[in-house]
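This report takes one model from a single helix residue to its metal site, its pockets and its backbone exceptions. Keep the coordinates open while reading.

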Amino acid sequence: MNQRGIYIKTPQELEIMREAGRINALALEATKALVRPGVTTLDLDAAAAEVIRKHGAKPAFLGVPGAYPYPATITASINDELVHGIPSKRKLVEGDIVSIDCGTIFEGFVGDSAYTMGVGEISPEAQRLIAVTEMALKIGIDKLRAGNRTGDVGAAIQEYIEEQEGLFLTREYTGHGVGRAMWEGPQVPNYGIKGRGIPLRVGMTIALEPMVLLGTAQTRVLPDQWTVASKDGSLTAHFEHSVAITENGPLILTSL
Ligand code: MG
Ligand code: MG
């Protein structure tokens, strides 16, 4: 580890992280398959937990310290809720959009990934928000290359979301290194200045996660002390992949 908390992974460690990421992707797929009106976010949580357990892995979010230990396997954030929503008996309804984030620990390494999807028929503006947020993740991943800096990644996401699309990015939550811990160095903000920030190197593994809001960049924490929502109640979306920086460019670890 260097002084910034950055761990360079060996090829063997990257293989384990690929497996952690694959199991995490299977858990997320299990939740996606259930998303429909009438399903509770606790149902989605149970589905993800079952997949993780079946593969001999552990949920990474369960017990994360906060105001109180995080109580679930996934986070499920509905509509204006951006991240860290706690699964509950709340039923999804037609027209909602739901963001599911999940972390898996396999053989000591973490995979961390998230997606947003619509419940049944959703509004054109919700569709656009989801599509644009997923595209922002793709644009950011393409910048995860040795020789670039964290500012190149953030600047590309910021330029696309704020300048091209006229939407908003929170400044309060960022992407991050991922490995034996869910949060390692470096921080990778979804905004920045080209050529600035931490240099990216082969063997670094980054959880990149654009968090996009329709109406404002401001967020608030709900009374449950975990859920982060948009301050103005506008819709939000979140996509995330854990990605390794290799000699051949970015390698997504949390896909199937
Ligand atoms: Mg995550
Ligand atoms: Mg993350």
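In which helix is the place of Ala 156? Ala 156 sits in helix H4, which covers residues 150–164. The model is predicted, and that applies to every value below.

Ala 156 has a relative accessible area of 13%. The cut-off for buried is under 20%, so Ala 156 counts as buried. Leaving aside residues up to four places away in sequence, Ala 156 touches Ile 139 and Lys 143. Leu 137 lies 19 residues from Ala 156 along the chain, and their C-alpha atoms are 9.9 Å apart.

**The metal site**

Two magnesium ions, ligand 1 and ligand 2, are 3.2 Å apart. Which residue bridges them? Asp 112 does, coordinating both ions. The table sets out the protein donors of each ion.

| Ion | Donors | Distance | Spacing along the chain |
|---|---|---|---|
| Magnesium ion (ligand 1) | Asp 101 (OD), Asp 101 (OD), Asp 112 (OD), Glu 240 (OE) | 2.0 to 2.4 Å | D-x10-D-x127-E |
| Magnesium ion (ligand 2) | Asp 112 (OD), His 176 (NE2), Glu 209 (OE), Glu 240 (OE) | 2.1 to 2.3 Å | D-x63-H-x32-E-x30-E |

For ligand 1, the pair Asp 112 and Glu 240 links distant parts of the chain, 128 residues apart. Asp 112 belongs to strand E5, while Glu 240 lies in the loop between E13 and E14. Both Asp 112 and Glu 240 are buried.

For ligand 2, donors of the magnesium ion include His 176 and Glu 240. This pair also links distant parts of the chain, 64 residues apart. His 176 is in strand E7, residues 175–177. Are these two donors buried or exposed? His 176 has 3% relative accessibility and so counts as buried. Glu 240 is at 0%, so it counts as buried too.

**Strand E14**

Strand E14 covers residues 241–246. Why is E14 described as largely enclosed by the rest of the structure? Six of its six residues are buried, so that description follows. Side chains in a regular strand alternate between the two faces of the sheet. In E14, His 241, Val 243 and Ile 245 point one way. Ser 242, Ala 244 and Thr 246 point the other way.

E14 has pairing partners. Strand E9, residues 205–208, runs antiparallel to E14 and is joined to it by four bridges. Leu 208 stands opposite His 241 in that pairing. Strand E15, residues 249–252, also pairs with E14 in the antiparallel sense, over four bridges. There, Val 243 stands opposite Ile 252. The hairpin from E14 to E15 passes through two residues.

**Pockets**

The largest pocket holds about 340 Å³ of space. Its lining has 20 residues. Which of them lie nearest its centre? They are His 84, Asp 101, His 176, Trp 183 and Glu 209. Of these names, Asp 101 is a donor to ligand 1, and His 176 and Glu 209 are donors to ligand 2. The lining splits into nine nonpolar, seven polar and four charged residues.

The second largest pocket holds about 300 Å³. Its 18 lining residues include Lys 32, Ala 114, Glu 134, Phe 239 and His 241, which lie nearest its centre. His 241 is also one of the buried residues of E14. Helix H1 (11–34), strand E5 (109–118) and helix H3 (124–142) each supply at least two lining residues. The class split here is nine nonpolar, four polar and five charged.

**Backbone exceptions**

Most residues other than glycine have a negative phi, and most peptide bonds are trans. Where does this model depart from that? Gly 185 and Pro 186 are joined by a cis peptide bond, with omega about -10°. Pro 186 is in strand E8, residues 184–188.

Asn 79 has a positive phi, near 60°. This residue lies in the loop between strands E2 (74–78) and E3 (81–83). At 16% relative accessibility, Asn 79 counts as buried.

His 84 has a positive phi as well, near 65°. The loop between E3 and strand E4 (97–106) holds His 84. Its relative accessibility is 26%, so His 84 counts as partly exposed. His 84 is also among the residues nearest the centre of the largest pocket.

Note on methods:
Residues are numbered from 1 along each chain as its sequence is written. Chains are lettered from A and ligands numbered from 1 in the order in which they are written. This is a predicted model: local features need pLDDT of at least 70, side-chain atom pairs count only at pLDDT 80 or more; totals for chains, interfaces and linings use all residues. Side-chain values use heavy atoms; hydrogens and water are left out. On a 1 Å grid over the protein atoms alone, a cavity is a set of points where a 1.4 Å probe fits but cannot get out, and a pocket is an open set with protein on both sides within 12 Å along at least five of seven lines; lining residues have an atom within 4 Å of a point. Grid points are joined across faces, edges and corners, and a volume is the space filled by probe spheres set on the points. Ala, Val, Leu, Ile, Met, Phe, Trp, Tyr, Cys and Pro count as nonpolar, Asp, Glu, Lys and Arg as charged, and the others, Gly among them, as polar. Donors are N, O and S atoms within 2.8 Å of the metal (3.2 Å for Na, K and Ca); water is not among the atoms, so sites may look incomplete. Buried means under 20% relative accessible area, exposed over 50%, partly exposed in between (1.4 Å probe, protein chains only). Two strands pair if DSSP finds at least two bridges between them. Contact means heavy atoms within 4.5 Å.
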